[in-house]
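Please look through the model below before reading my points. They are written for someone new to protein structures.

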Amino acid sequence: MCGIVGYLGPQNAVDIVLEGLARLEYRGYDSAGVCFKNERQKLEVVKKEGKLENLISELKNHTTSSHIAIGHTRWATHGIVNDKNAHPHFFDEFPHVSIVHNGIIENFHEIKKDLESEGIIFHTETDSEAFLGLLAFELKSGSNLKDAIVSAFKKIEGNSALVVINDKSNELFAIKKSAPLVCGKNSKTNNLMVSSDPYALVGHVSDIYFPEDEVLCELKINGESTLKFFELDGRESRRFLHKIEEGNLEVSDKGHFDHYMQKEIYEQPGLIRSLAQKYLSDKGLEGLKSVSEFRPSLVHISACGTAWHAGLIIKNYLETVSKVPTVIDLASEFRYRNPLLNNGELGLFISQSGETADTLAAQELCKKNNLKTISIVNVDGSTLFRDCDFNLLIHAGVEIGVASTKAFTLQVLTGRLYAQALAGEINKEKVLKDYSLLADRIDELLNNIEKIKNIAEEISNNKGYIFTGRGIYFPVALEGALKLKEIAYVHAEGYAAGELKHGPIALIDEEMVNIAFIGPELYDKTYSNLLEVKARKGIIVGIGPKNDQKLSESCNYYIPLNFEGLGDLAPLYTNVVGQLLSYYLAKYKGTDIDKPRNLAKSVTVE
């Protein structure tokens, strides 16, 4: 969700902050702003509703040469979307300090009410401004800035990451609780940075630091750049993870593709091959063996959105390959059903960003109940990565498109490797062959997309879409519907095909499209469900085995696939068809495919 970027150093801070915010646009936002020291050494705030280009246009009217700045892209939670509620926050009556904030301050009503009685005037509808009010009160009472931040931070409730700038010195402060925050330093260039996402720091810093909760970060230039960490009692802290930036967070561009989502769909074959190579190397196999040495009596999978759909397929692998009983929950529901958690069980958590608030809370609950925990995650050093006992990186690279594509594929394949390791059944040559075959089939599909594009265009104006599948194709139906909803803004639902007659079939008419995933498994039963739709004059897009006369005759549109030899990898093959249909349908509708409205890439609030 919201993006934070701060910079302190010899370069133009506003330019670097804007560059960082542009990299974080994929997270989703509705307004943007910056605060910097102007030529009079006073703090100046510029913020605009809408896209980042609105802010950049407005900044052309300002002199922005500065060596210190903070910036923010907001995804609204409290208060409508407008210039006033955008970050950074700043009091005209107390113009010495400005803040940016991610997360939610749960007790902001009480804080604002108490501070208003003390004469503090608030100007926005946001919860974030409560922290600024606390800072102003502490500073007016004579506290220094560091002590004021600590005091104010202790009074707020909820998950938050905050960065503070002031006009008295060349320093930034940052602090967080259960929200993403990362600091960076380059001693050669004297660059210091802070952000909600390490992707914003790439190319500017050489050392990256992930502070733990309730650690105050001090970024300061006083002759030389220094980055220090403090406990809330003032003692220096070592509670952070330090990593050398090795270029693994490559700055991505679209290349010759129209959208990042399209590019990321096309990256999948290469990533599938490289994932197999990484995990089947001596080091990779050793890591899989280490993770699988603990054999759980039961696995609890928790995830959200696309990662939850990946978890449904992984559940199938764990039960069929590993013979380990597995339950799966939406992370947002897991805590609230009071799950039975027992010794010997395992928590498995799936997240692209590793910063999803609900997933982190589910992991924390398992940890408190003494369960071993494993993450399947894309971001090395993320909060989920740091908090779990074991980690399996999916090695998908930076995923810019808000609608996840390649991460889903790599999550499932990583989960399959874990299931095989748990069963003691990793045959290196066979896995390499299987993953290579899947990559080859997806390559073939991507090289012959005209039929899919034409179908997408012809069905792009229908009233609704029902995706169906059975068995291992049911999660693919859910994922296909989610992709279409996310980027095309149309009504789409995913159902187990056998459930149609239990309610959804009431929706079928001449304007409703059924996108049916039909694999070799449970073919006859899925085909009979397809005929139920046909009998009610629904429009059928059948995605099934090649050279299938029955499908060719029964479907309005038929997309033939070569399932031979794929086995339990076939759902990932069919899922790419769903990705492509959704992409091209959205393209014909003219929506903002990479940054769909109201959505955030990394959902860091509950």
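The points below deal with one sheet, the helices beside it, and one further helix.

1. This is a predicted model, in which local features need pLDDT of at least 70, side-chain atom pairs count only at pLDDT 80 or more, and totals for chains, interfaces and linings use all residues. Residues are numbered from 1 along each chain as its sequence is written, and side-chain values use heavy atoms, with hydrogens and water left out.

2. Eight strands form an open sheet in the order β3-β2-β4-β1-β10-β9-β11-β14, with antiparallel pairing. Strands are DSSP runs of E with at least two residues, helices are runs of H or I with at least four, and both are numbered from the N terminus; two strands pair if DSSP finds at least two bridges between them. β3 (43–49) and β14 (240–244) each have a single partner strand, so one side of each lacks a neighbour in the sheet.

3. Strand β9 (residues 182–186) is joined to the antiparallel strand β11 (residues 207–211) by three bridges. Cys 183 has Tyr 209 of β11 as its bridge partner.

4. Helix α2 (residues 52–59) packs on the sheet and touches β2 and β3. Contact here means heavy atoms within 4.5 Å.

5. In helix α5 (residues 145–155), the buried residues (under 20% relative accessible area, 1.4 Å probe, protein chains only) include Leu 145, Ile 149 and Phe 153. The buried residues of α5 pack against β6 (94–103), α4 (129–140), β7 (160–166), β8 (171–177) and β12 (216–222).

Methods:
Axes are lines fitted to C-alpha atoms, for helices over the stretch in contact, and angles run from 0 to 180 degrees between N-to-C directions. Buried means under 20% relative accessible area, exposed over 50%, partly exposed in between (1.4 Å probe, protein chains only).
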